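Trainee: I should like to take a close look at a single part of this model, namely its nonpolar core. Please describe that part in one connected account, together with the elements around it.

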Amino acid sequence: MRNNARPEIRDTIENFDEYDVIYVGYPIWNSDLPPIINTFLEQYNFDGKTVVPFCTHGGSGLSGTPTTIANKLPNSTVIQNYTVQRENEVINFTKKEFELLYKLLSFPDKIFTKMLLYIVSWNWWMERLK
């Protein structure tokens, strides 16, 4: 696929400005971001937001994609260390981070504001303490 391909995203996030932290998940495609992620990054204003990219890969690691994202979003803070490897199931999340992300991913149609993220995190911790 061409690096400049920009597939269309069918749905939009109506209230994107309300979110402070954006988790962007993707598979590594030929040592790069999938074209749809480029579309997403170019479609919204990420200025002042924290972006947490995480990816799956077959052994190539992050392939510099967090740096690519940071270069595309110079006015954002990009966190650069989340990856899941396909073959060996290598997870670079801490157990706590992975369990929380798994919990958040159980709401596939929900976009979290910072407050909702705090509430889900708090409830998750309270469940763990029982």
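Mentor: Of the 19 residues in the largest nonpolar core, Tyr26, Phe40, Leu41, Phe46 and Ile69 touch the most other members. A nonpolar core is here a set of buried Ala, Val, Leu, Ile, Met, Phe, Trp, Tyr and Cys residues joined through side-chain atoms within 4.5 Å. Buried means under 20% relative accessible area, exposed over 50%, and partly exposed in between, with a 1.4 Å probe and protein chains only. β1, α1 and β2 each supply at least two residues of this core. The model is a predicted one, in which local features need pLDDT of at least 70, side-chain atom pairs count only at pLDDT 80 or more, and totals for chains, interfaces and linings use all residues. Residues are numbered from 1 along each chain as its sequence is written, and side-chain values use heavy atoms, with hydrogens and water left out.

The setting of the core comes next. The protein has 4 helices and 4 strands, which follow one another from the N terminus as β-α-β-α-β-β-α-α. Helices (H or I, at least four residues) and strands (E, at least two) are DSSP runs, numbered from the N terminus. Of the 130 residues, 36% count as buried. Among contacts between residues at least 6 apart in sequence, 72% join residues at least 24 apart, where contact means heavy atoms within 4.5 Å. The exposed area is about 8,600 Å², and carbon and sulfur atoms supply 52% of it; accessible areas come from the Shrake-Rupley method with a 1.4 Å probe, and for residues only the protein chains shown count as cover.

The strands may be taken first. Strand β2 (residues 50-57) is largely enclosed by the rest of the structure, because 6 of its 8 residues are buried. β1 and β2 run parallel and are joined by 7 bridges; two strands pair if DSSP finds at least two bridges between them. Tyrosine 26 has cysteine 55 as its bridge partner in β2. Between these strands the chain passes through α1, and this β-α-β crossover from β1 to β2 is right-handed. That term applies if, with the strands pointing away from the viewer, the path from the first strand over the helix to the second runs clockwise. β2 is also joined to strand β3 (residues 77-78) by 2 bridges, and these two run parallel. Valine 51 stands opposite valine 78 in β3.

The helix of the crossover comes next. In α1 the buried residues are Pro35, Ile37, Asn38, Thr39, Phe40 and Leu41, and their cover includes β1 and α2. Leucine 41 touches Leu33, Phe46, Ile69, Lys72 and Leu73, not counting residues up to four places away in sequence. Glutamine 43, which also lies in helix α1, counts as partly exposed because its relative accessibility is 35%. With the same kind of neighbours left out, glutamine 43 touches Ile9 and Thr12. Its C-alpha is 9.2 Å from that of threonine 12, although 31 residues separate the two in sequence.

Phenylalanine 40 leads to the aromatic residues. Phe16, Phe40, Tyr44 and Phe46 form one aromatic cluster. Rings of Phe, Tyr and Trp (its six-membered ring) pair if their centres lie within 6.5 Å; planes under 30 degrees apart count as stacked, over 60 as edge-to-face and the rest as tilted. By this rule there are 5 aromatic pairs. The pair of phenylalanine 16 and phenylalanine 40 is edge-to-face because the ring centres are 6.3 Å apart and the planes stand at 85 degrees. This pair links distant parts of the chain, 24 residues apart: phenylalanine 16 is in the segment before β1 (21-27) and phenylalanine 40 is in helix α1 (residues 35-43). Both phenylalanine 16 and phenylalanine 40 are buried.

Helix α2 and the loop after it complete the account. Threonine 65 belongs to helix α2 (residues 65-72) and counts as buried because its relative accessibility is 0%. Beyond its neighbours within four places in sequence, threonine 65 contacts Tyr26, Ile28, Asp32 and Leu33. Leucine 73 is in the loop between α2 and β3 and, at 6% relative accessibility, counts as buried. Outside its neighbours within four places in sequence, leucine 73 contacts Leu41, Phe46 and Val51. The C-alpha atoms of leucine 73 and aspartate 47 are 7.2 Å apart, with the two positions 26 residues apart in sequence numbering.
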